[in-house]
Amino acid sequence: MPNIFKMAAPMKNKRDNSKENDGTSQAAKKLKLATDLHSDVDENVLHDFDGFKVDKILSESAESKSLFLLGSFSESAKKAVVLLEKKPFLSDDLTLKSLMSKETKLKLGLKNDIYGAYESFPPVEVNGVKTTVIYPATDKHINKYKSQVLHLVTESYKDYQNITLPYLNEQDFSIQWVYNILEKKAESEHIIYEDPDPEVGFVLLPDMKWDGQKIDALLDRNLP
């Protein structure tokens, strides 16, 4: 089963941080965060896809009911990668009551004796599509979500050190999202556990690739 949690931990500072200085710096950091919390994150929150232009489909899967798109907003030269995934059905009473009501419209596709095949259009509140937007997306992001032919390669330790490892290091993505979590600029409401120790501390929270609703969905396939 794929991991549904991620941990963000600060990289050890190269400078000598004494406990006396740590208290002062932490107080200053908290004061600053109190005034500009989420300021550099919320300004980029999307409310719709008005003006979005689709360039091409990067990949799609009928099995996982997902569609990955490459495009841009308005006339911007910056590219965006959009991941669209059907959410799993929830079986709670409120969802079922909304789903199985007159608000769900049916369109007949085929009827044969006692069997009827319909296309249904549920209410908005139970018809969401999990959407992840990576913007601005780099070439690395675009290549990551392209349809790719997979190969199985057997390598030696020497090959890994001389070929694979250098390549992986070149493909590293920005870890700004880690600092956003550590500084409580993003996802702070999702934190499950936090160890404030300055040397070995960490923050534990669910991975944003998971919709946070149905654990059974994690057993069916890997998260993108």
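Which helix does D139 lie in? D139 belongs to α4, the helix that covers residues 139–144. Bear in mind that what you're looking at is a predicted model, so let's start with how far the predictor trusts it.

**Confidence and overall make-up**

Averaged over the protein, pLDDT is 78, and 74% of the residues get to 70 or more. Broken down by element, the lowest mean, 43, goes to helix α1 (residues 19–36), while β3 has the highest at 94. Two stretches drop below 50 in pLDDT: residues 11–21, with 3 contacts in the model beyond near neighbours in sequence, and residues 23–41, with 13 contacts counted in that way.

In terms of secondary structure, the protein has 7 helices and 9 strands. Of its 224 residues, 21% are buried. Take the contacts between residues at least 6 apart in sequence, and 56% of them turn out to join residues at least 24 apart. The accessible surface adds up to about 17400 Å², with carbon and sulfur atoms owning 55% of that.

**The four-stranded sheet**

Now for the sheet. Four strands make an open sheet in the order β2-β3-β4-β7, and the pairing is antiparallel. The edge positions go to β2 (52–61) and β7 (129–134); each has a single partner strand, so one side of each has no neighbour in the sheet. From one strand to the next, the twist averages 20°. As a general reminder, strands in a sheet pair through backbone hydrogen bonds, in either a parallel or an antiparallel way.

Here is how the pairs compare on paper:

| Strand pair | Sense | Bridges |
|---|---|---|
| β2 and β3 | antiparallel | 8 bridges |
| β3 and β4 | antiparallel | 6 bridges |
| β4 and β7 | antiparallel | 6 bridges |

If you want to check the register by eye, there's a handy residue pair for each of these. K56 has L70 in β3 as its bridge partner. G71 sits opposite A80 in β4. L84 faces T131 in β7.

Which of the strands is worth a second look? Of the 8 residues in β3, 7 are buried, so this strand is largely enclosed by the rest of the structure. β3 is also the element with the highest mean pLDDT, 94.

**The nonpolar core**

The largest nonpolar core counts 9 residues in all: L58, F68, L70, V81, L83, I134, A137, I142 and Y145. Both β3 (66–73) and β4 (80–86) supply at least two residues each to this core. L58 is a good place to start poking around. Leaving out residues up to four places away in sequence, L58 touches F68, L69, L70, V81, I142, Y145, K146 and S147.

**Turns and backbone oddities**

Which turn residues have a positive phi in the two hairpins? In the hairpin of β2 and β3, with 4 residues between the strands, K65 has a positive phi near 55°. In the hairpin of β3 and β4, 6 residues lie between the strands, and S74 in the turn has a positive phi of about 50°.

K65 isn't a glycine, despite that positive phi. With a relative accessibility of 53%, K65 counts as exposed. Another non-glycine residue with a positive phi is D113, again near 55°. D113 sits in the loop between β5 (105–112) and β6 (115–121), and its relative accessible area of 63% makes it exposed.

There's a cis peptide bond to note as well: it joins Y135 and P136, with omega at about -5°. P136 is in the loop between β7 and α4.

**Back to D139**

That brings us round to α4 and the residue we opened with. Is D139 buried or exposed? D139 counts as exposed, because its relative accessibility is 59% and the exposed class begins over 50%. D139 also has a distance you can check: K79 is 60 residues away in sequence, yet the two C-alpha atoms are 9.0 Å apart in space.

Terms used: Residues are numbered from 1 along each chain as its sequence is written. This is a predicted model: local features need pLDDT of at least 70, side-chain atom pairs count only at pLDDT 80 or more; totals for chains, interfaces and linings use all residues. Side-chain values use heavy atoms; hydrogens and water are left out. A nonpolar core is a set of buried Ala, Val, Leu, Ile, Met, Phe, Trp, Tyr and Cys residues joined through side-chain atoms within 4.5 Å. Buried means under 20% relative accessible area, exposed over 50%, partly exposed in between (1.4 Å probe, protein chains only). Contact means heavy atoms within 4.5 Å. Two strands pair if DSSP finds at least two bridges between them. Axes are lines fitted to C-alpha atoms, for helices over the stretch in contact, and angles run from 0 to 180 degrees between N-to-C directions. pLDDT is the predictor's confidence in each residue, from 0 to 100. Accessible areas come from the Shrake-Rupley method with a 1.4 Å probe; for residues, only the protein chains shown count as cover.
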